[in-house]
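Trainee: I would be grateful for a close look at a single part of this model, set out step by step.

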Amino acid sequence: MTPSVLRDNLQDFEIPGRVTLLKGKGDLMKIDVHTDWSTAQVYLHGAHVTGFQKKSEPPLLFTSSFSRFASGQAIRGGIPVIFPWFGPRAGEPAHGFARLKNWELREATVAPEGGVSLRFHLPSETGGAWASCSVNYVVTITDSLSLELIITNTTDRGQLIFENCLHTYFAVEDIAAVSISGLKGVDYLDKVDNHMPKIETAQDIRIASEVDRTYLATTATVEILDSKLRRKIRIKKIGSASTVVWNPWAAKAQQMTDFGDGEYRQMVCVESGNVGPNKIELGPAKSSVLKVNISSEAI
């Protein structure tokens, strides 16, 4: 379906002054949202939130200036939806297929207090284990950003086993002036150190080299303190047992063609989901709900 035809089919979802459908980068369809407190941008490609910004604040999300915006390519930054696996898989796209698909916009609503909610549906996969699941995603924009990923096992027999993650890239002024709290005492797997099991000993995690850690069996709220922007970002989650912290640092950034060489200094990923040992096993006719709320305040 061409972008112009797709846009015509979506015009019924537009809400004057609140929700607008238009062509974004790479001619991909984009939704612009305006509330009394904030603005946001969401692409149908991947149901991918690429921007969220409170009025009078810098952007909360980071999207690379080198990101590809094209069919079959993942967007680098914002909030990729990771499903049904996390990381590489032989013969399959890294981090699953959800971030590479065009999602269907099913509903756009304005709450009485002025917030906007968008409800997306991932078109069913044909064949294989994933034909037996239904995936829906609700993005709510107010003075904070709320995300709800709902996965249902639609069969009446058999387990659905999967990983999920909201792979959020946060914008920071300078990674050297950033600390991350809420993970002290949590077990994690250190991918940079050959997936070595470790325990987090720092009250405030600081990043000065490549970091790729999967924190396990933690439901804790995590905070990012950015002393240069004088801002605290709070990531509160429900239905998530894993938190991933990632920054590629200089050498890996230079190897990534969709990421600027120096952009690692302006971002950090703090990702909420259920990955590795925390993968989900979902019984027949059962649903799994991953909820994340992202808010910020001045310090």
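Mentor: The account below begins with the open sheet, follows its last strand to one lysine, and then turns to the largest pocket and to some backbone details. Please keep in mind that this is a predicted model.

The open sheet consists of four strands in the order β1-β2-β3-β4, and their pairing is antiparallel. At its edges lie β1, residues 19-23, and β4, residues 48-54, each of which pairs on one side only. On average, neighbouring strands of this sheet are turned by 15 degrees against each other, with direction ignored. Within the sheet, β2 (residues 29-34) and β3 (residues 38-43) are joined in the antiparallel sense over five bridges. One point of reference in this pairing is I31, whose bridge partner in β3 is V42.

Strand β4 includes K54. Is this lysine buried or exposed? K54 counts as buried because its relative accessibility is 17%, and the cut-off for buried is under 20%. Apart from its neighbours within four places in sequence, K54 is in contact with W37, S38, D143 and S296. Of these contacts, S38 belongs to the residue range of β3, 38-43.

The largest pocket holds about 710 Å³ of space. Its lining comprises 31 residues, and G87, P88, H95, H167 and K191 lie nearest the centre. Two or more lining residues come from each of the strands β17 (211-215) and β20 (242-247). By character, the lining divides into 14 nonpolar, eight polar and nine charged residues.

Several loops carry backbone features that merit inspection. In the loop between β5 (81-82) and β6 (104-110) lies P84, and the peptide bond that leads from F83 to P84 is cis, with omega near 5 degrees.

Two residues other than glycine have a positive phi: for H195 the value is near 60 degrees, and for A217 it is about 55 degrees. H195 is located in the loop between β14 (187-190) and β15 (196-199), whereas A217 is located in the loop between β17 and β18 (222-226). Their accessibility classes are as follows. H195 counts as partly exposed because its relative accessibility is 47%, and A217 counts as exposed because its relative accessibility is 68%, the cut-off for exposed being over 50%. The loop of A217 thus starts from β17, a strand that also gives two or more residues to the lining of the largest pocket.

Definitions and conventions. Residues numbered from 1 in each chain as written. Predicted model: local features only at pLDDT ≥ 70, side-chain atom pairs only at ≥ 80, totals over all residues. Heavy atoms only, no water. Pairing = 2+ DSSP bridges. Axes fitted to C-alpha atoms, helices over the stretch in contact; angles between N-to-C directions. 1 Å grid on protein atoms, 1.4 Å probe; cavity = no way out; pocket = protein on both sides within 12 Å on 5 of 7 lines; lining within 4 Å. Points joined across faces, edges and corners; volume = space filled by probe spheres on them. Nonpolar A, V, L, I, M, F, W, Y, C, P; charged D, E, K, R; others polar. Buried < 20%, exposed > 50% of the residue type's maximum accessible area, 1.4 Å probe, protein only. Contact = heavy atoms within 4.5 Å.
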